[in-house]
Amino acid sequence: MERPENNFTPILLGSDFNAYGFARAFFEITGRRVKAIAGTELAPTRYSKIVEVETIPGFSEDPVFMESMREIAKRYENADEKIILLAMGDGYAELISKHKEELSKTFVCPYIDYDLLKQLNNKEHFYEICDKYDLPYPATKIVTKQDHENGGSIKSPFDFPVALKPADSVEWLDIHFEGRKKAFRIKTQAELDDIIGKIYDNGYTSDLILQDFIPGDDSNMRVVNAYVDQNHHVKMMCLGHPLLEDPAPSAIGNYVAILPEYNDDIYQTVKNFLESIEYTGFANFDMKYDERDGKFKLFEINIRQGRSSFFVTLNGYSLAKWVVDDYVDNTLADKETVYANDVDDNRKLWLGVPVRVFKKYARDNDEKKTALKLIKEGRYGLTAFYDQDENLKRTLLLAWMNHNYVKNFRKFFKENKG
């Protein structure tokens, strides 16, 4: 398993499911334990034999982040190997991009420049870019803090239900109140008034995105994961067809079941866009099929891979391999783009919940039948369940996590997804 030449070391910023998925991918390449640094150690990486988590209180924000990274850089200043720095969340991606010039003196930082990141990370600005490149997205109205402070109801131009979400996903991480969600599906004007009030009264300052709610359940969603090399050429795209999302308020929008899929139209659209804006590194797109006009409409781009992105590695397109080939082995430049999942017989179902939860709550359709067939054949996997990382404490922890999934679906599915 271990490479004959260990000429690189990955450092993951974060300790969540995304971090564990990347750790698995790197461990398969190197056979070595993977280093992660985070403000706190989260359950997916706890008690792991393949991830070593260093916790630094306050690490997720400046000034602690850069003060800590300067000290960490000193550990590697005489290293004769490449040190690859990868963000596992929006906040860490923004911090790496913001300080890329200084960090790149020590680390490989496969991220876009900060000015472009700020445009793409903000949904309002992202939709302006979509207009420029003729990319479809849901009909949208921008709500500002000033609109709220002017008093009175903010009327929706769309029929209820409508979708409401923060334009700035990084600022949203620090906003807390009862009823907070990653995104809201709002059914009445009174509910809209109440939620907007709570959001701004609890410290959020950026704009809100009010959108036409595209009809259909979770199985109308699609997710595209891509890797773009240092020369701004797309080298890998992997399309997933989500069949189920987490219904818990803090996790709405998190996929918990993904069936790999192939769609050349989506691949070419995403490829042309990423290369046109001279993107670099990992990208993750969420979109939904609108049966009213037959178009896939973009919701957002994430400047990193997500908690469900292990479905890419599971299906044979190791997330770790692309960045190593690009920056360490320098073998990626001349390779053709890989359009994943073109062979049905190679596909595997990714799950983020126990099989019994998927069977009970996923919508009955042809895709679910395919997924159940893959489960029956043993062609499925979960990010945190890894046969080379088993011990009693971890087994008990994962059982507890699964128990919570069962409980949350029972409690929240009807309200938020039914």
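This is a short walk through one protein structure, from its overall dimensions down to a few individual residues.

Let me say at the outset that what we are looking at is a predicted model, and that everything I quote is computed from it.

I will start with the overall form. The secondary structure comes to 15 helices and 16 strands, and along its principal axes the C-alpha trace spans about 65 × 50 × 45 Å. How does the radius of gyration fit with a compact globule? For 418 residues one would look for a value near 22 Å, and the protein has 21 Å, which agrees. On the matter of burial, 58% of the 418 residues count as buried. As for how the chain connects with itself, if we take the contacts with a separation of 6 or more, 71% of them are accounted for by residues 24 or more positions apart.

Turning to the surface, the accessible area comes to about 18,300 Å², and carbon and sulfur atoms own 46% of that. The charged side chains number 56 positive and 68 negative, and the centres of these two sets lie 7 Å apart.

Now to the aromatic residues, where a search of the whole structure finds 23 pairs. One of them joins Phe 59 and Phe 65, whose ring centres are 5.2 Å apart and whose planes meet at 45°, so the pair is tilted; an angle under 30 degrees would have counted as stacked, and one over 60 as edge-to-face. Phe 59 is buried, with a relative accessible area of 0%, and Phe 65 is likewise buried, with a value of 0%. Another tilted pair is formed by Phe 126 and Tyr 127, at 5.8 Å centre to centre and with 45° between the planes. Here, too, both partners are buried, Phe 126 with a relative accessible area of 1% and Tyr 127 with 3%. These two rings belong to a cluster, linked by ring pairs, that also takes in Tyr 133, Tyr 137, Phe 273 and Phe 285.

Next, one helix. How many of the nine residues of H3, which runs over residues 90–98, are buried? The count is eight, so this helix is mostly covered, given that buried here means under 20% relative accessible area. Among the buried residues are Asp 90 and Glu 94, alongside Tyr 92, Leu 95 and Ile 96.

Finally, I would like to set out two residues, each considered with a partner 16 residues away in sequence. Pro 10 lies in strand S1, residues 8–13, and is buried, with a relative accessible area of 7%. Its C-alpha atom is separated by 7.8 Å from that of Phe 26, and Phe 26 is also one of the residues that Pro 10 touches, together with Val 34, Lys 35 and Ile 84, if we leave aside residues up to four places away in sequence.

The other residue is Lys 187, which has its place in the loop between strand S7 (184–186) and helix H9 (189–201). From C-alpha to C-alpha, Lys 187 and Glu 171 are 25 Å apart in space. Which residues does Lys 187 touch, not counting those up to four places away in sequence? They are Phe 160, Pro 161 and Glu 415.

Definitions and conventions
Residues are numbered from 1 along each chain as its sequence is written. This is a predicted model: local features need pLDDT of at least 70, side-chain atom pairs count only at pLDDT 80 or more; totals for chains, interfaces and linings use all residues. Side-chain values use heavy atoms; hydrogens and water are left out. Helices (H or I, at least four residues) and strands (E, at least two) are DSSP runs, numbered from the N terminus. The radius of gyration is taken over C-alpha atoms; the globule rule is 2.2 Å times the number of residues to the power 0.38. Buried means under 20% relative accessible area, exposed over 50%, partly exposed in between (1.4 Å probe, protein chains only). Contact means heavy atoms within 4.5 Å. Accessible areas come from the Shrake-Rupley method with a 1.4 Å probe; for residues, only the protein chains shown count as cover. Lys and Arg count as positive and Asp and Glu as negative; His and the chain ends are not counted. The place of a charge is taken as NZ of Lys, CZ of Arg, CG of Asp or CD of Glu. Rings of Phe, Tyr and Trp (its six-membered ring) pair if their centres lie within 6.5 Å; planes under 30 degrees apart count as stacked, over 60 as edge-to-face and the rest as tilted.
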